[in-house]
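Biologist: Take me through the salt bridges in this one, please, slowly and pair by pair. After that, walk me out into the strands and helices around them.

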Amino acid sequence: MKRTAVGLVLAFAAGVIGLAQSHHRQAPTDPFRLQPLAGGVYALYGRGGNVGFFAGEDAVLVVDSQFRDLAPGIVAKIKSVTDKPIKYLVNTHHHPDHVGGNDVFKRFAIIIAHDNVRKRMVASPAEILRDYPARAEAARKSGNEEFAVRLEEMISWAKKVRVEEIPAPFVTFDSDLRIYLGNETIHVWHTAPAHTDGDSVVYFEKARVLHMGDLLFNKVIPVIDVKGGGTPKGYRTALDSVLARLEPEVTTIPGHGEVTDVSGVRAFRQYIADLTDLAKTARAVGKSREAFVAGAELPAYKDWNGYPRRFRENAGAAFDEAR
């Protein structure tokens with residue numbers, strides 16, 4: 001199986017599961033924007049989840065890899081900052097807009113993630129074979145032939161791909177780990193299931209920069225991937241656990257949206273709290289799921305990117321687990 005076919009599947013899968021895209025819209029010829037932070041840490045915006053990287057004295061560690069077609073550009077941007085080798089790549093979770101470039105990075109970097117990230121990436125062919133024939137049929141019946149054809153391409157890939165061709169992490173962990181790179185200590189820890197069941201955050205201790213992956217959407221309505229183990233209540237728990245460990249001056253790189261600080265994390269946590277409280281109240285007064293989802297609103301967040309497309313999906317997820 002050609003690497004490009006794997007990249008096609010990973011990139012297209014983002015659309016299938018409804019992942020949020022970055023609200024940055026650079027020209028196609030230059031999709032990247034580099035933002036220096038502190039202590040040799042950089043944020044790199046592109047298409048998909050935000051990338052972070054640490055340019056150390058001897059080596060580079062990267063957080064997330066966006067899509068395969070962008071991975072060479074990500075490498076080029078890193079090389080514009082440092083000539084040190086890229087030795088490590090940490091995936092914050094399994095979604096294609098965060099791991100799609102793994103196929104490029106695996107040639108020269110050790111890929112690290114939580115156990116569940118590898119499990120979900122390796123299981124993806126079986127899930128495609130289980131779920132996508134029905135989706136392709138429904139797409140064709142609705143007149144969306146192009147979508148049906150793409151789904152069938154993914155089914156064809158899933159039938160042929162070997163496990164070793166899936167660019168899953170080489171090194172996994174169950175709770176937390178530390179990476180010592182030059183004079184920087186990098187803490188990686190798994191949170192309660194929130195966006196997915198494989199969410200991890202990456203903290204650069206001396207730089208005081210935290211990459212939160214999709215545990216943080218900054219002024220962007222999140223995707224809560226219930227099928228991927230995500231949960232609104234878990235989001236609230238996970239954010240509380242991260243906030244309890246953060247010092248006030250920490251800079252945070254979100255999975256989507258602009259770099260922010262602790263106030264941005266608190267604002268997103270408030271959205272999750274308002275969402276879950278809204279669903280709990282609706283349950284308490286006996287409202288049906290259909291009526292709740294159709295009428296639910298949180299006006300304070302209507303100017304957040306993605307509100308018209310994703311808020312009702314969030315509302316449905318919150319209602320389903322409200323008690």
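Modeller: A salt bridge here is a side-chain nitrogen of Lys or Arg within 4 Å of a carboxyl oxygen of Asp or Glu. Keep in mind that you're looking at a predicted model. Side chains of opposite charge can pair when their charged atoms come close. Take R162 and E165: their closest N and O atoms are 3.6 Å apart, so they make the cut under the 4 Å rule. The two ends sit differently, though. R162 is partly exposed at 48% relative accessible area, whereas E165 has 12% and is buried, because buried means under 20%. By this rule the count comes to 21 salt bridges.

Next, E249 and R208, whose side chains meet with an N to O distance of 2.1 Å. E249 is in the loop between α7 (232-245) and β12, and R208 is in the loop between β10 and β11, so this salt bridge ties together parts that are 41 residues apart in sequence. Both ends are partly exposed: E249 has 41% relative accessibility, and R208 has 34%. There's also a network, in which R68, D103 and K106 are joined by salt bridges that share partners.

R33 and E258 form another salt bridge, at 2.8 Å from N to O. This pair links distant parts of the chain, 225 residues apart: R33 belongs to strand β1 (residues 33-36), while E258 is in the loop between β12 (251-253) and β13. R33 is partly exposed at 31% relative accessible area, and E258 is partly exposed at 28%.

Those loops lead us into a sheet. Six strands make up an open, mixed sheet, in the order β8-β9-β10-β11-β12-β13. β8 (176-181) and β13 (260-261) are at the edges with a single partner strand each, so one side of each has no neighbour in the sheet. Look at the strands on either side of the R208 loop: β10 (residues 200-204) and β11 (residues 209-211) pair antiparallel over three bridges. Y203 has L210 in β11 as its bridge partner.

Now for some parallel pairing. β4 (residues 60-63) runs parallel to β5 (residues 86-90), with four bridges between them, and L61 is partnered by Y88 in β5. From β4 the chain passes through helix α2 (residues 71-79) to reach β5, a right-handed β-α-β crossover. β5 also pairs in the parallel sense with β6 (residues 110-114), over three bridges. L89, in strand β5, stands opposite I111 in β6. L89 counts as buried, because its relative accessibility is 0%. Its C-alpha is 7.9 Å from that of S65, 24 residues away in sequence.

For the outside, I110 joins F170 and V171 in a nonpolar surface patch of about 250 Å². V171 is in strand β7 (residues 171-173) and is partly exposed, with a relative accessible area of 37%.

One helix to finish: α6 (residues 145-160) has 16 residues and spans 23 Å from first C-alpha to last, close to the 22 Å expected at 1.5 Å a residue. Its buried residues are A148, L151, M154, I155, W157 and A158. For the spacing, an α-helix has 3.6 residues a turn, so residues three or four places apart point the same way.

How values were computed:
Residues numbered from 1 in each chain as written. Predicted model: local features only at pLDDT ≥ 70, side-chain atom pairs only at ≥ 80, totals over all residues. Heavy atoms only, no water. Patch = residues over 30% accessible without salt bridge, like charges linked within 9 Å, V, L, I, M, F, W, Y side chains within 5 Å. Areas by Shrake-Rupley, 256 points an atom, 1.4 Å probe, with all protein chains shown as cover. Helix = DSSP H or I, 4+ residues; strand = E, 2+ residues; numbered from the N terminus. Buried < 20%, exposed > 50% of the residue type's maximum accessible area, 1.4 Å probe, protein only. Pairing = 2+ DSSP bridges. Expected span 1.5 Å × (residues − 1). Right-handed = clockwise from strand over helix to strand, strands pointing away.
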